[in-house]
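Reader: I would like a close look at the inside of this protein. Please take me through the empty space and then the packed parts, one step at a time.

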Amino acid sequence: VMLFGALDGFEARYRFSMTGHSGETPRELFVPHGEPPAHEKARLRVVERMVAHSQFCASGDHTLEAAEAAIAAAAKDTDADERFVFLFSDANLRRYGIPPAKLSKVLTSEPSVHAHAIFLSSLGGEAEALRAEMPSGRASVCLDAADVPAAVQRAFAAAVLDA
């Protein structure tokens with residue numbers, strides 16, 4: 001919802017899509033590329049679909065596959081000046097045998113795409129440990145939803161400084 005609000009009014013400047021990943025799939029399409037929800041009611045429908053998917057999906061993890069697919073899709077957008085992928089995760093990767101090095105490799109796999117992981121929860125400090133092992137400027141920990149916009153802004157700034 002915060003991302004919709006942040007991008008509202010900038011539809012001519014930014015094109016985005018929004019997909020989800022879960023134990024069931026690496027790509028659950030919520031917002032098709034270049035087709036943002038036009039009004040509050042449409043945004044609410046997107047959020048309701050996200051909630052429903054998260055409630056009824058199988059357990060498991062497709063974080064790496066989701067990141068790979070999103071990065072590949074962004075890289076194909078030849079009309080874009082800059083390409084960003086924001087991977088939101090619960091940081092529960094160790095449970096599924098995913099080492100930080102694999103996520104780092106995926107996040108840096110395509111030089112034309114600025115990929116950034118935002119960890120939204122942390123069990124036993126796992127998110128903080130993951131962030132510490134990610135390349136500089138490629139991960140944030142946001143244990144409070146209010147911190148997400150600042151994390152996105154920092155990712156944008158890090159990409160500009162990296163260029």
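Author: Start with the empty space, and keep in mind that the model is predicted. Rolling a probe the size of a water molecule over the atoms shows where empty space is left. Here the count is one cavity of 30 Å³ or more. The largest cavity holds about 60 Å³ of space. Its lining is made up of F4, L7, D8, E11, F16, P36, P37 and R43. Sorted by type, the lining of the largest cavity has five nonpolar residues, three charged ones and no polar ones.

Now the packed parts. In soluble globular proteins, nonpolar side chains tend to be buried together. The largest nonpolar core in this model has 21 residues, and L103 and F119 have the most contacts inside it. Two or more residues of this core come from each of α3 (63-76), β3 (84-89), α4 (100-107), β4 (114-119), α5 and β5. The element that gives the most is α3, with four residues. Another core, of six residues, lies apart from the largest one, and F16, M18, V31 and V46 are among its members. F16 was met above, in the lining of the largest cavity.

Return to F119, one of the two residues with the most contacts inside the largest core. Leaving out residues up to four places away in sequence, F119 touches S89, A91, L103, A127, L130, R131, A139, S140, V141 and C142. L103, the other residue with the most contacts inside the core, is therefore on the list of what F119 touches.

A91, also touched by F119, deserves a stop. A91 sits in the loop between β3 and α4. With a relative accessible area of 1%, A91 counts as buried, because the cut-off for that is under 20%. The phi angle of A91 is near 65°, which is a positive value in a residue other than glycine.

A second loop residue to look at is R138, placed between α5 (126-133) and β5 (139-141). R138 has a relative accessible area of 16%, so this residue is buried too. Leaving out residues up to four places away in sequence, R138 touches L107, T108, V113, H114, A115, H116 and A117. With L107 there is also a polar approach: a polar atom of the R138 side chain lies 2.8 Å from the backbone oxygen of L107.

Definitions and conventions. Residues numbered from 1 in each chain as written. Predicted model: local features only at pLDDT ≥ 70, side-chain atom pairs only at ≥ 80, totals over all residues. Heavy atoms only, no water. 1 Å grid on protein atoms, 1.4 Å probe; cavity = no way out; pocket = protein on both sides within 12 Å on 5 of 7 lines; lining within 4 Å. Points joined across faces, edges and corners; volume = space filled by probe spheres on them. Nonpolar A, V, L, I, M, F, W, Y, C, P; charged D, E, K, R; others polar. Buried < 20%, exposed > 50% of the residue type's maximum accessible area, 1.4 Å probe, protein only. Polar contact = N/O pair within 3.5 Å; in protein donor to acceptor, adjacent residues only side chain to side chain. Contact = heavy atoms within 4.5 Å. Core = buried A, V, L, I, M, F, W, Y, C linked by side-chain atoms within 4.5 Å.
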